[in-house]
Amino acid sequence: MSIPPLSDSEFERYSRQIMLSEWGEEGQSRLKQAKVLIVGCGGLGTAASLYLAGAGVGNLVLADDDAVERSNLSRQVAYREGNLGESKARALSAQLMALNTLIQCRAVERYLVDRALDLEVSLADVVLDCSDNMATRQAVNEVCRKSCTPLVAGAAIGWQGQLMVFDFAASISPCYHCLFPASKDASPRNCQSAGVVGPVAGVIGNLQALEALKLLTQTKSIPSRFYQLDGQSLSLRAMSIPIDSDCAVCHPHNSPHVSEVPDEHLA
């Protein structure tokens, strides 16, 4: 596929990242053509989308069936008080278009399931799971795995954050279900029930954007990894994700296990 040249306006706007030897004009042109699906327009999704829009990702699809509430504003900083009661997907789309008129945003004001989820994932180059519930995470993981679409998943609660990268375009890759089998989610927690520190959600969302940009510009080979952030100690722990040979989603037979396995998840 031929990569179209950048306009003078685009070159000027993105000049600081084009200067990077690993990025260059080719990487920026890849971003211009790219489509990213963001599932969830909360603390993670707003942070990630702002940086993806700023970086020049040409097409952003924002999916959320929720409306902006006052309790969102402490961490979902893309919204304004004037957005209270509005659709999150529509309000966020407007904010991103105001930030960068060179990109396109499409708001999906519904909960993505079944064929709708299949279709949106099939059209994306990378999917960001910024949702806040296990059912959505498992569904997004399964569809991304089936369509070989790279997935960057995030979670945040309290002072803790998690980041997971699954490059399903690779020949062998674990999946979210390998890490957190659905049957083990007996007592899910989320921000509404357990609270969250706003900047923790922002950090994880920004890391999701960073990993997505690396995938889209092909600046670095990214292994499937699990990262755990402790906001109180400001530590970030990285672990390989084990491949579960009995996984109900990906069934990676005859693949070696990795010994270190995360022992908890964040809702």
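Start at helix 3, residues 24-33, in this predicted model. Select G24, G27, Q28, S29 and L31: these are the buried residues of the helix. Now show what surrounds them. The buried residues of helix 3 pack against helix 2 (15-18), helix 4 (43-55) and helix 10 (198-217). Two of these partners, helix 4 and helix 10, return below as contributors to the largest nonpolar core.

**The sheet**

Next, colour the strands. Eight of them form an open sheet in the order 3-2-1-4-5-6-7-8, with mixed pairing. At the edges are strand 3 (104-108) and strand 8 (235-240), each of which pairs on one side only. Direction ignored, neighbouring strands are turned by 15 degrees against each other on average.

Zoom in on strand 4 (126-129). Is it covered on one face or on both? Both faces are covered: V126 and L128 on one side, V127 and D129 on the other, are all buried. Strand 1 (35-39) runs parallel to strand 4 and is joined to it by four bridges. Pick I38 to see one position of this pairing; its bridge partner in strand 4 is L128. Towards strand 5 (151-157), strand 4 makes three bridges, again in the parallel sense. Here D129 stands opposite A153 of strand 5. To follow the connection, trace the chain from strand 4 through helix 7 (residues 134-147) to strand 5; this β-α-β crossover is right-handed.

Move along to strand 6 (160-166) and strand 7 (residues 225-230). These two strands run antiparallel and are joined by six bridges. M164 stands opposite F226 in strand 7. Then add helix 10, which packs on the sheet and touches strand 1, strand 4, strand 5, strand 6 and strand 7. The direction of helix 10 makes about 175 degrees with that of strand 5.

**The cores**

Nonpolar side chains tend to be buried together in soluble globular proteins. Here the largest nonpolar core has 43 residues. Which of them have the most contacts inside it? They are V36, L52, V57, L60 and L128. The elements giving two or more residues to this core are strand 1, helix 4, strand 2 (59-63), helix 5 (88-99), strand 4, strand 5, strand 6 and helix 10. Helix 10 supplies the largest share, eight residues.

Select L52 and display its contacts. Leaving aside neighbours within four places in sequence, L52 touches V36, I38, V57, L60, L128, A209, A212 and L213. Apart from this core lies another, of 30 residues; L112, A124, F168 and C250 are among them.

**The aromatic cluster**

Finish with the rings. A pair of aromatic rings is described by the distance of the centres and the angle of the planes. The count of aromatic pairs in the model comes to three. One of them joins F180 and F226: the centres are 6.4 Å apart, the planes make 70 degrees, and the pair is edge-to-face. Why does this pair tie together parts that are 46 residues apart in sequence? F180 lies in the loop between helix 8 (176-179) and helix 9 (191-194) and F226 lies in strand 7, so the pair connects these parts. Both F180 and F226 are buried. Add Y176 to the selection, and the cluster that ring pairs link together, Y176, F180 and F226, is in view.

Key
Residues are numbered from 1 along each chain as its sequence is written. This is a predicted model: local features need pLDDT of at least 70, side-chain atom pairs count only at pLDDT 80 or more; totals for chains, interfaces and linings use all residues. Side-chain values use heavy atoms; hydrogens and water are left out. Buried means under 20% relative accessible area, exposed over 50%, partly exposed in between (1.4 Å probe, protein chains only). Contact means heavy atoms within 4.5 Å. Rings of Phe, Tyr and Trp (its six-membered ring) pair if their centres lie within 6.5 Å; planes under 30 degrees apart count as stacked, over 60 as edge-to-face and the rest as tilted. A nonpolar core is a set of buried Ala, Val, Leu, Ile, Met, Phe, Trp, Tyr and Cys residues joined through side-chain atoms within 4.5 Å. Two strands pair if DSSP finds at least two bridges between them. A crossover is right-handed if, with the strands pointing away from the viewer, the path from the first strand over the helix to the second runs clockwise. Axes are lines fitted to C-alpha atoms, for helices over the stretch in contact, and angles run from 0 to 180 degrees between N-to-C directions.
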